[in-house]
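Here are my notes on the model, point by point. Please keep the structure open while reading.

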Amino acid sequence: TLLSSYGNIVNHNTITNNSGIDLFDSSGNIFGNNVVTSNSHGIGLIDSAENTIIRNQIFKNKGYGIFVGESKNVIKENTVSKNSEGIKIHYSDGSIIHHNNFINNTENAPEDDYPNINTWDDGYPSGGNYWSDYNGTDLNSGPGQNVSGSDGIGDTPYKPFPDELPNFWDNYPLMGPVLKTDVNTDGKVNVEDIFAVAKAFGSYMGHPRWVPMYDINGDGEINIKDLFAIAKDFRKEW
């Protein structure tokens, strides 16, 4: 727990079988590359602004993965999976939340009574977050998703708060997890990912065997570079 703490860097730790991480009235801290698992909850930010939560693996916690209460922060490139709640925002405006994986939480983004105005994507073509319960299609591309051709971004927004206005939505939800080499999204990079990409080998945008998320390096073609990327991440898990 950090209480009225500023300028700390918490990096490359494993936090497990305890109450998780909490920040109270703490600003300007960085939490990166930590594993937060099997706690009563993951990372809680309460009255704590301008913190950066980046590249953490937050999974199998009994409560929330990430909680933001009455503060604004940057939350990006985290994998939040198999928690009771993925990310919960309460009375908080101004947070930037993108390029995270929200995977198989009981609720990926439970709605709060208060409408929170935050930024859930990084614009186009950078994109937003990956949501395992997103059921949209990827048939189109472009900032308005009205140009024929897939681009790895969903054609319709993901709506954490569906009854609210569009500025509460992830307008550019990702069709695959940020760990791009896990192409079958089973939580690990293994031989099955290699086989999947190999089946589409040599295809390109518009080709009948083309699968956008198999083009890992984004060069418009599924080739040896994509297989090398999987080999580099082999046995990684989220």
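**Notes on the predicted model**

1. Overall fold. The chain has 2 helices and 18 strands. Its radius of gyration is 18 Å, close to the 18 Å from the globule rule for 238 residues, so the chain is as compact as a globular protein of that length. The model is a predicted one.

2. Extent and burial. Along the principal axes, the C-alpha atoms fill a box of roughly 55 × 40 × 30 Å. Of the 238 residues in the chain, 48% are buried.

3. Contact range. Take the contacts between residues at least 6 apart in sequence. Among these, 33% join residues at least 24 apart.

4. Surface and charge. The accessible surface of the chain is about 11300 Å². Carbon and sulfur atoms account for 52% of that surface. The chain carries 16 positive and 31 negative charges. The mean positions of the two sets lie 10 Å apart.

5. Helix α2. Which residues of α2 are buried? In this helix, residues 224-232, they are Asp226, Leu227 and Ile230. These cover an arc of only 100 degrees around the axis, so they sit on the same side of α2. The face turned away from that buried side carries the exposed residues Lys225, Phe228 and Lys232. Note that Asp226 is among the buried residues, while Phe228 is among the exposed ones.

6. Helix packing. What do the buried residues of α2 pack against? Their partner is α1, residues 191-199.

7. Histidine 98. This residue is in strand β14, which spans residues 96-98. Is histidine 98 buried or exposed? Its relative accessibility is 11%, under the 20% cut-off, so histidine 98 counts as buried. Neighbours within four places in sequence are left aside in what follows. Histidine 98 is in contact with Ile75, Lys76 and Glu77. Its other contacts are Trp120, Asp121 and Asp122, plus Gly127, Gly128 and Asn129.

8. Glycine 220. This residue is in the loop between α1 and α2. Its relative accessible area is 23%, which lies between the 20% and 50% cut-offs, so glycine 220 is partly exposed. Beyond its neighbours within four places in sequence, glycine 220 is in contact with Tyr204, Met205, Trp210 and Asp215.

9. A separation to check in the viewer. How many residues apart in sequence are glycine 220 and aspartate 151? They are 69 apart in sequence, and their C-alpha atoms are 9.9 Å apart in space.

Definitions and conventions. Residues are numbered from 1 along each chain as its sequence is written. This is a predicted model: local features need pLDDT of at least 70, side-chain atom pairs count only at pLDDT 80 or more; totals for chains, interfaces and linings use all residues. Side-chain values use heavy atoms; hydrogens and water are left out. Helices (H or I, at least four residues) and strands (E, at least two) are DSSP runs, numbered from the N terminus. The radius of gyration is taken over C-alpha atoms; the globule rule is 2.2 Å times the number of residues to the power 0.38. Buried means under 20% relative accessible area, exposed over 50%, partly exposed in between (1.4 Å probe, protein chains only). Contact means heavy atoms within 4.5 Å. Accessible areas come from the Shrake-Rupley method with a 1.4 Å probe; for residues, only the protein chains shown count as cover. Lys and Arg count as positive and Asp and Glu as negative; His and the chain ends are not counted. The place of a charge is taken as NZ of Lys, CZ of Arg, CG of Asp or CD of Glu. The arc is that of the directions from the helix axis to the C-beta atoms.
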